[in-house]
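Colleague: Could you walk me through this model, one question at a time?

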Amino acid sequence: MTTVTTMTARAQPSVPTAPRGGERSPLLSLRGVSRRFRTRRQETLALDAVSLDVQAHEFVCIVGPSGCGKSTLLGVAAGIDTAFDGEALFEGQPIRGMARERAVVFQEPALFPWLNVRANVEFGLKLRGLSSAARRAASDAQLALVGLERFDRAYVHELSGGMKQRVQLARALAAEPHVLLMDEPFAALDAQTRDELQLELQSVWERIGTTVLFVTHNVREAAILGDRVVVMSPSPGRIKSVLPVDLPRPRLPDDYRVADLAAQIRAELASDGEREPRYAI
Amino acid sequence: MPSKALRVGAFYLVVIGLWALVARAEVWSPFLFPAPQGVWRALVRNVESGLLLEALQFSMLRLVVGYGISIAIGLALGFVIASWRYADETLGGVVLGLQSLPSITWLPMAVLWFGLSERAIIFVVLMGSTFSVAISARAGIRALPPLLVRAAGTLGATRWQLYRYVVLPGMIPAMVQGMKQGWSFAWRSLMAGELLFVSLGLGHLLNVGRDLNDINMVFAIMLVIVAVGVAVDRLIFGRAEAWVRERWGYAAG
Ligand SMILES: Nc1ncnc2c1ncn2[C@@H]1O[C@H](COP(=O)(O)OP(=O)(O)OP(=O)(O)O)[C@@H](O)[C@H]1O
Ligand SMILES: [Mg+2]
């Protein structure tokens, strides 16, 4: 897939972003979520009373230094980690475990090696008992979306890192989740592939209007992708501030406004938190 | 460089040629050291009389039954040990211990239990491979990346679906290795059992050759035993391993 096709495909955003701070009840709501890890040697407060609301159709990025609890937060939202204190609601219901409504794109390529690319993409649909014709139609669409239609019969070990992440994205999207939880999905990729996939993700998001919670520690990535950028600080893991982003899309990596915003996020990350934290959610 | 078939074929031709020369020189008595022609004639004779085919059928039937049951038991045992910690601490140790026991040592007990019957010999075959199948089933389940289990969970897998669509296929590389090892133990146990046991089969045919003082026949039957072992290894396990390599890549060995 080339950048050019991506850009034309993105022409018209079909779904507007959610009104911020609107009256609607949020799709995903974390209220005072704390997560403590106890090991024999030490105790870590990975999340300290974190509160965050994500509205439907919103693209929220979480940035923060390594070990500040980003993955922990995503695990709570996904229902992978249920040993937390506080309240985690999804569509108004408490999160009790993993569910296909909350698809995850993991940092490591979590693909099934015994299945080819197409079968990986269709995995969630197979679990739901969809007919093979319906599965095929869905996987055709998703593979085209991520530009892998020619690799549908390849096995996982035959793919590059970037291709594996695209397959993960296609698999997650095929499951028709209500929210897409992404944990540094592009962190292991080279800069060029990363730029390409960021553009692709923007275009996919604008077309299907899904909700995304996206973890990264790349501030530029957050500036390109987010409607809001949540900045976290470590030990204990807290939300330091939330920056709204009002730049028009598509946002290109070399846009000066993106660069400005990235600098602002970086400054926010570096600030020592002396001043009152803005829990503007 | 000529093709592999040619190179390998040439090697065996040379070996057979040397063998014929040594036999011709009569360094040892022909009653102790047979010539290739004699072995070949003994083979043809046993094929024509139908004895060899019958023995092969008996042996294979025992093997298929014993090995088949051992896979079912081994798999179940492996699942229990892998998913229940207390079973691992207790049964796991027993399985490891029994695996180191040469399975032919089960024969006296099997004869006391089942008498001189098919069941006794199948029991020995079963004991030969069950434990290595169980050990690799456990290893295969334990080696499954938790990440894949989580991925399936977030795609909506129920507990049953997790076993059916993730654990079972995920343990295939380890199971292929375990079943290959189990097969070779089962095959050895069967031959040992048949040798010690008066009943039809390849091992029994070896005994017949000894009783007839027919070194040609003994050699011929041994060659058949080797051929069966190699054929199963190549045709069944060789293909299974190639399939695993195609899917998993070389990472899975
Ligand atoms: N299973 C665990 N057992 C013990 N401590 C843990 C566990 N998981 C996470 N932690 C601790 O919780 C803190 C937050 O971890 P987390 O993985 O959420 O960080 P992160 O922000 O995702 O970091 P990175 O950017 O490096 O991925 C860390 O201090 C980590 O040591
Ligand atoms: Mg992380």
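Modeller: Happily! Contact here means heavy atoms within 4.5 Å. Helices (H or I, at least four residues) and strands (E, at least two) are DSSP runs, numbered from the N terminus. This is a predicted model, in which local features need pLDDT of at least 70, side-chain atom pairs count only at pLDDT 80 or more, and totals for chains, interfaces and linings use all residues. Residues are numbered from 1 along each chain as its sequence is written, chains are lettered from A and ligands numbered from 1 in the order written, and side-chain values use heavy atoms, without hydrogens and water.

Colleague: At about what angle to β7(A) does helix α2 of chain A run?

Modeller: Helix α2 (residues 70–78) of chain A lies across β3, β6, β7, β8 and β9 of chain A. Angles run from 0 to 180 degrees between N-to-C directions, with axes fitted to C-alpha atoms, for helices over the stretch in contact. Relative to β7(A), the helix runs at about 155°.

Colleague: Which are the edge strands of the open sheet in chain A?

Modeller: Two strands pair if DSSP finds at least two bridges between them. The six strands have the order β6-β7-β8-β3-β9-β10, with mixed pairing. Each edge strand pairs on one side only, and these are β6 (102–105) and β10 (238–244).

Colleague: How many salt bridges are there between chain A and chain B?

Modeller: The contact takes 23 residues from chain A and 20 residues from chain B. A salt bridge needs a side-chain nitrogen of Lys or Arg within 4 Å of a carboxyl oxygen of Asp or Glu. Between chain A and chain B, the count is zero.
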